[in-house]
Amino acid sequence: MPGQFNVKLARMAKAPDSEMLKPLVLITISSWLQLAPSQTNKERYVDIYSFHINSTVTSRYAITVITSRVANRVNESKEVHFQVKIPKNAFISKFRMTIEGKTYDGVVKEKEEAQQQYSQAVSQGESAGMVSSVGRTLEEFKTSVTVAAFSKVTFELVYEELLQRQHGRYQLLINAQPMQPVADFKIDVYIEESPGISFMEVKGELNTNELVNAVTTSRAGDKAWVNFYPTREQQTKCDVCGENGLNGDLLIIYDVERPKPSGELKASDGYFVHYFAPTDVQRIPKNVVFVIDRSGSMSGRKIEQTRLAMLKILGDLAEDDYFGLIIFDSQVEVWKPKLRQATEMNLELAKDFVRMIQVRGATDINAAVLKGVEMINKHPQEQSASILILLTDGAPNTGVSDPTQIQANVKEAIGGKFPLYCLGFGFDVNFDFLNKMALENNGRARRIYEDSDADLQLQGFYESVATPLLTDVQLNYTAAGNLTQTRFSHYYNGSEIVVAGQITDNSLDAFQTEIIAISKNSKVTYQDSVFTKGLAGVLPQHENSIQRLWAYLTVKQLLEKEVALSGQEKETAREEALNLSLKYKFVTPLTSMVVTKPQGEDTQVAHKPKEGEKVKQRQRSQSSDKLNSHTSKCSGFGSAACRSSGHQTARMFLASRMSGSRPIRPSDGGLNSRVHRVSPTRQRIMRLLVPKAPKLPPSTAAPPVNNVRFLSSAPDQPKPLCFDLPATSKLRLLMDPSSNFSMSGMLSSKGFRLIALQYKTDHNLELSIGGIHYYDGLNTITFLWDQKPTNHETDGVAVILRKDELDVTMGTVRVVFFRHKKDGKKFLWPVVQQQPKNVNIQGIFGKNNLKYEELPGSVIKIKDQEVKATWSTATDYRRSSAPVLGCWLVPYTFFTAVTTVKAVDVDIYSFHINSTVTSRYAITVITSRVANRLNESKEVHFQVKIPKNAFISKFRILITLD
């Protein structure tokens with residue numbers, strides 16, 4: 001009977017348009033591979049024997065600690081995973097691994113520093129992406145580490161958040177997904193609110209009938225406790241349970257007593273926090289205008305759900321409210337030219353109008369929003385509160401289509417008189433554009449997820465702003481500095497205003513505040529004070545919770561403020577937010593946590609995902625999934641391997657770092673393997689182009705990334721195409737084999753951070769945002785972007801340097817490079833001014849003059865292929881002025897499909913078996929040569945069957961770039 005030998009080269013491929021990789025696998029059979037006994041269903045190689053979540057809420061500020069203790073129960077090294085979900089609103093502030101008494105702490109650094117220090121790990125996508133967005137409210141943190149035989153590891157993650165009051169209540173969300181039933185499973189929540197807790201309830205998937213006796217709650221005055229202690233059996237038999245244990249949420253909902261209209265003022269250790277949520281005031285009638293997108297992309301369920309939501313919202317308007325309706329595509333249509341009172345008759349007429357909304361046309365956001373502003377400005381606003389609400393699912397693509405110009409127009413028109421709220425429907429919307437426009441006008445943006453409950457999401461947002469109680473709220477404090485936001489245009493029923501700061505005069509016995517606002521009928525004033533001497537009331541382990549709350553809220557607000565600012569003010573806000581993030585060790589959009597593992601394992605970098613950011617999951621073939629399931633979870637080979645169906649099975653992965661100066665080894669070094677060295681020039685190209693393969697076994701998805709948008713224009717096409725590629729990608733930009741010219745680049749969040757050119761044998765040019773290095777075969781010449789204009793010519797190569805511009809000619813190819821700066825970050829962008837003469841050029845900049853046909857319904861047809869496109873915008877970095885252009889957004893896979901010849905994804909172009917028998921002794925060599933023919937990474941498999949009586953004596957992988 002034959003045995004089976006399996007080899008999998010994970011993501012063994014090129015990045016888009018990179019050079020082709022041809023793994024050569026050579027096996028000579030003559031040594032024995034020892035087998036391990038198969039694993040039974042009841043056995044667990046990796047045992048999570050303790051999983052605790054401890055959350056302490058002090059005055060709405062929650063600090064949650066997740067501790068997982070894991071044991072390797074077998075006599076070989078195993079990869080142990082830690083994977084938890086945390087609220088999107090939270091900041092990670094600590095991560096620690098303890099292995100065999102040694103502690104490995106995560107270190108928070110500036111994101112750019114972490115990116116540079118660990119650029120290879122981050123850009124190649126293996127093990128670097130520790131945090132990713134999951135659904136609407138959660139982010140997922142995951143990591144792994146190899147644990148020695150019969151050893152243990154403890155993971156500890158701490159995150160912090162300020163609970164926000166919405167609809168009259170606070171919500172503490174705790175997710176539990178330990179990935180297996182746990183003998184010692186506990187969730188402990190402690191809440192302390194000094195005014196007293198008015199009500200509390202526990203909901204969520206972990207508080208169902210099967211688990212009801214696992215949840216206990218208790219309250220005593222201003223304190224409350226929630227405990228969740230399920231048995232191992234309960235963890236497998238509930239609605240959200242299974243063989244892998246629990247997977248659900250515990251939701252603690254509560255509110256506090258409000259004995260004083262002036263709110264709750266707390267001070268400790270030189271810091272204070274003030275919670276203001278008065279309930280003793282009358283609602284203010286509102287003037288509200290709804291601006292609704294009805295462009296073609298809103299067709300189907302989107303417009304149906306919008307109609308449903310608007311019908312419900314209109315029905316909830318109070319009779320003393322005034323309202324207006326605007327629908328728009330490339331034209332703006334107004335229900336009535338003036339705001340109408342919400343009488344029964346007017347509401348019925350408005351509902352009939354809403355029912356008749358039909359989709360059509362393009363998207364003129366500028367004209368529609370300005371019309372809404374005009375309607376509100378013309379309406380009397382005394383003793384009322386005005387609100388403008390925009391709902392759209394796309395980007396502006398007709399009329400004024402430059403987002404920056406639209407934002408400026410809207411800001412000037414509103415003039416700070418009332419807030420603008422922007423609702424972005426789905427993920428095709430330009431959310432950054434909406435978010436900035438809302439923040440510039442005292443509002444906020446919210447994403448509406450395309451789901452069956454989208455109408456309820458719309459209603460939920462409206463309910464949060466449906467009842468204004470105060471306007472022009474100003475909070476003043478004596479002897480205070482470094483204050484968070486103190487002025488608010490509106491205060492809505494069910495919400496809460498929170499202000500924190502530092503007390504600058506510590507000699508005061510009492511700290512005072514004054515609140516001035518406008519209610520329905522008059523100006524109102526509230527005053528309060530709190531003693532600052534001898535204060536007690538917070539737990540010893542969180543005695544600085546008010547200080548951390550202040551830091552958290554300050555960073556949050558500075559990040560929002562930075563979006564709406566420009567120039568030096570923007571840089572100052574960013575710097576302040578960064579310094580506080582580093583001081584308090586918060587993982588924010590400006591920082592990253594660098595996690596250094598035991599020697600020999602990858603360093604990881606944890607980033608805070610951006611709103612709406614999607615994660616590219618690693619694609620795995622069906623055979624790969626089988627290899628990773630149940631009995632196949634082996635770690636390396638040499639001392640042990642897996643038994644499956646009577647065949648011998650082993651797995652081999654590329655080592656974590658690939659370089660011509662370093663051998664590739666199996667994870668346990670059990671087999672003889674090596675990689676041939678290559679020339680220094682090849683090494684440089686490999687470092688730039690070759691993605692790192694995963695460790696054994698694959699444990700983490702690729703990191704969450706932003707996208708960089710590319711434009712593709714043709715002279716006779718009035719509208720360019722555009723497509724997105726993930727930031728940190730390594731790209732083959734242009735390659736002409738006939739002239740030995742190639743250009744490759746590495747993306748950052750805005751553009752390119754590194755570009756490498758190679759011409760003939762010895763000419764190499766490397767560009768970064770810091771400088772330019774040119775090697776002519778003998779000497780290396782360095783240029784600086786800010787130096788005086790310079791010309792350099794040699795052997796068919798011309799380099800002309802100007803201010804933030806480099807003009808390079810190599811043979812028949814001419815490329816101009818611009819150094820741009822956006823949002824304080826510098827990046828590069830190449831423009832091919834003269835293409836190679838060869839028709840067989842490769843690379844994303846080699847696809848010129850792409851002609852398409854525009855079909856009805858936003859469909860783009862190129863050659864014989866069609867795709868649904870979205871009219872969007874892109875910044876044209878091919879020009880030094882970087883204008884914003886409208887473009888048809890298509891998937892990159894479609895773009896490449898219509899510009900390349902179809903080929904086999906993974907091509908086994910050579911397969912040889914050579915067996916030599918001398919005096920009954922057989923030596924058999926199996927050689928397989930494989931090429932990845934696509935512009936994306938692919939997993940390459942090597943799988944052969946050998947006689948059980950044979951010994952494997954040699955295995956080799958040779959990876960070449962041709």
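**Helix H7 and a three-stranded sheet**

Right where helix H7 starts, a side-chain oxygen of Asp402 comes to within 3.1 Å of the backbone nitrogen of Thr404. This is a predicted model, where local features need pLDDT of at least 70 and side-chain atom pairs count only at pLDDT 80 or more, while totals for chains, interfaces and linings use all residues. Residues are numbered from 1 along each chain as its sequence is written, and side-chain values use heavy atoms, with hydrogens and water left out.

H7 covers residues 403-414 (helices are DSSP runs of H or I with at least four residues, strands are E runs with at least two, both numbered from the N terminus). Its 12 residues should span 16 Å at 1.5 Å a residue, and the end C-alpha atoms are indeed 16 Å apart, so the two agree (the expected span is 1.5 Å times one less than the number of residues). Pro403, Ile406, Gln407, Asn409, Val410 and Ile414 are the buried residues of H7 (buried is under 20% relative accessible area, exposed over 50%, partly exposed in between, with a 1.4 Å probe and protein chains only). They cover an arc of only 165 degrees around the axis, which puts them on the same side of H7 (the arc is that of the directions from the helix axis to the C-beta atoms). Thr404 and Glu412, on the other side, are exposed. After H7 comes Gly415, with a positive phi near 60 degrees.

Elsewhere, 3 strands make an open, antiparallel sheet in the order E11-E16-E13 (strands pair if DSSP finds at least two bridges between them). E11 (170-176) and E13 (197-203) each have a single partner strand, so one side of each lacks a neighbour in the sheet. E11 pairs with E16 (residues 248-256) over 7 bridges, and Tyr170 sits opposite Tyr254 in E16.

Note on methods: Polar contact = N/O pair within 3.5 Å; in protein donor to acceptor, adjacent residues only side chain to side chain.
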